[in-house]
Amino acid sequence: MRDLRGAGVALITPFKEDGTVDVEALRRVVAYNIEGNIDYLVVLGTTAESVTLSKAEKQLVMQTVEEANKGALPLVIGIGGNNTMALVEELKSADLSAYDAILSVSPYYNRPTQEGIYQHFAALSQASPLPIILYNVPGRTGCNMLPETVVRLAKKFDNIIAVKEACGDMTQVQELISKRPEGFLVLSGDDITALPTIVAGGDGVISVIGQGLPEEFSKMVNEGLAGNTEVAYSYHYKMQDGMKLIFEEGNPAGIKVIFEYLGLAKPFVRLPLITASDALKHRIVSFMESMIRIPA
């Protein structure tokens with residue numbers, strides 16, 4: 001497995017106006033991130049609107065990213081949900097040869113106990129052909145995977161190698177960093193906490209805004225990991241308003257406005273999401289226009 005420290009990005013799925021997957025736009029997004037020095041790509045995560053993609057469309061997205069990437073960057077595939085046995089079967093049957101790891105969200109809607117979460121990931125670990133990155137996002141799942149559960153999983157299963165932590169609570173992040181076993185990666189799942197997580201001893205981030213500002217974002221992450229905190233925060237503060245703006249009306253409506261501004265993809269999303277309002281689009285465009293590349 002290649003190194004998954006640094007700046008990873010959760011890729012969007014671009015759509016055409018008729019709602020179909022825009023393959024050419026997805027290729028452009030992948031190339032843009034390779035050129036922008038992003039460290040790895042996450043395919044079919046939440047930002048990809050994966051819950052509204054058919055099985056055939058998911059295969060199309062995977063194939064498109066694999067071909068556009070051409071082995072340049074490590075690839076992580078999102079395989080998660082709230083039906084444990086269905087996920088076990090998917091892990092056993094899917095062709096994941098192009099991928100370095102799996103990103104798997106904690107079960108949502110069911111609202112399991114901590115023991116239920118543990119047993120869920122234990123079952124996935126035993127079925128998975130690839131290392132697993134746990135994903136804790138209580139704002140979406142309705143259930144917080146606590147540090148003791150993450151650490152318990154990390155210590156028991158060698159192929160559970162990281163957590164994407166999007167709890168939004170730096171106290172919980174710090175507890176996780178302090179208690180994790182050696183070699184276990186703690187990755188921020190929120191753009192706004194990416195640098196604070198790194199400064200606290202974390203290992204990087206799986207970002208949304210990073211795919212729209214890959215040069216600036218990867219520079220922030222790499223400077224932070226190198227201990228150059230002052231330089232890293234100069235990038236953070238440049239992007240801070242954008243980190244907030246893109247989530248105001250739901251993800252990925254905001255980041256798709258950035259891609260429209262860049263001329264790489266259209267801003268269309270799938271119901272029940274709707275495209276960003278004109279007011280928000282105006283503010284995001286103003287943010288992008290204000291971005292001045294910081295000299296290396």
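## Contacts between α9 and α10

Contact here means heavy atoms within 4.5 Å. On that basis, in this predicted model, the α9 side of the pairing is made up of E216, F217, K219, M220, E223 and G224. Facing them from α10 are V231, A232, Y235, H236, M239 and M243. Sorted by class, this contact has seven nonpolar residues, along with two polar and three charged ones.

As for the geometry, α9 covers residues 214–225 and α10 covers residues 229–245. Their axes sit 8 Å apart, and the packing angle is about 140°. Roughly antiparallel would take an angle over 145 degrees, so α9 and α10 count as oblique to each other. The crossing of α9 past α10 is left-handed.

## α10 meets α12

α10 also packs with α12, the helix at residues 278–290. This time the angle is about 160° and the axes are 10 Å apart, which makes α10 roughly antiparallel to α12. Here too the handedness is easy to state: α10 passes α12 in a left-handed crossing.

Who touches whom? From α10 come K238, M239, D241, G242 and L245, while α12 brings L280, R283, I284 and F287. Split by class, that contact has five nonpolar residues, one polar and three charged. M239 is worth picking out by eye, since the α10 residues that meet α9 include M239, and M239 is also among those that meet α12.

## The chain as a whole

Zooming out, the chain holds twelve helices and eight strands. Its C-alpha atoms fill a box of roughly 50 × 45 × 35 Å along the principal axes. For 296 residues, a compact globule would come out with a radius of gyration near 19 Å; the chain has 18 Å, so the two agree.

How much of the chain is buried? Buried residues account for 55% of the 296. Long-range contacts are well represented too: taking contacts between residues at least 6 apart in sequence, 72% of them link residues at least 24 apart.

## A look at Q59

Q59 belongs to helix α2, which spans residues 55–69. Is Q59 buried, exposed or partly exposed? Its relative accessibility is 46%, so Q59 counts as partly exposed.

For a sense of distance, pair Q59 with S277: 218 residues separate Q59 and S277 in sequence. In space, Q59 and S277 are 31 Å apart, C-alpha to C-alpha.

Terms used. Residues are numbered from 1 along each chain as its sequence is written. This is a predicted model: local features need pLDDT of at least 70, side-chain atom pairs count only at pLDDT 80 or more; totals for chains, interfaces and linings use all residues. Side-chain values use heavy atoms; hydrogens and water are left out. Axes are lines fitted to C-alpha atoms, for helices over the stretch in contact, and angles run from 0 to 180 degrees between N-to-C directions. Helices (H or I, at least four residues) and strands (E, at least two) are DSSP runs, numbered from the N terminus. Angles under 35 degrees count as roughly parallel, over 145 as roughly antiparallel, 65 to 115 as roughly perpendicular and the rest as oblique. A crossing is left-handed if the near helix is turned anticlockwise from the far one by less than a right angle, and right-handed if clockwise. Ala, Val, Leu, Ile, Met, Phe, Trp, Tyr, Cys and Pro count as nonpolar, Asp, Glu, Lys and Arg as charged, and the others, Gly among them, as polar. The radius of gyration is taken over C-alpha atoms; the globule rule is 2.2 Å times the number of residues to the power 0.38. Buried means under 20% relative accessible area, exposed over 50%, partly exposed in between (1.4 Å probe, protein chains only).
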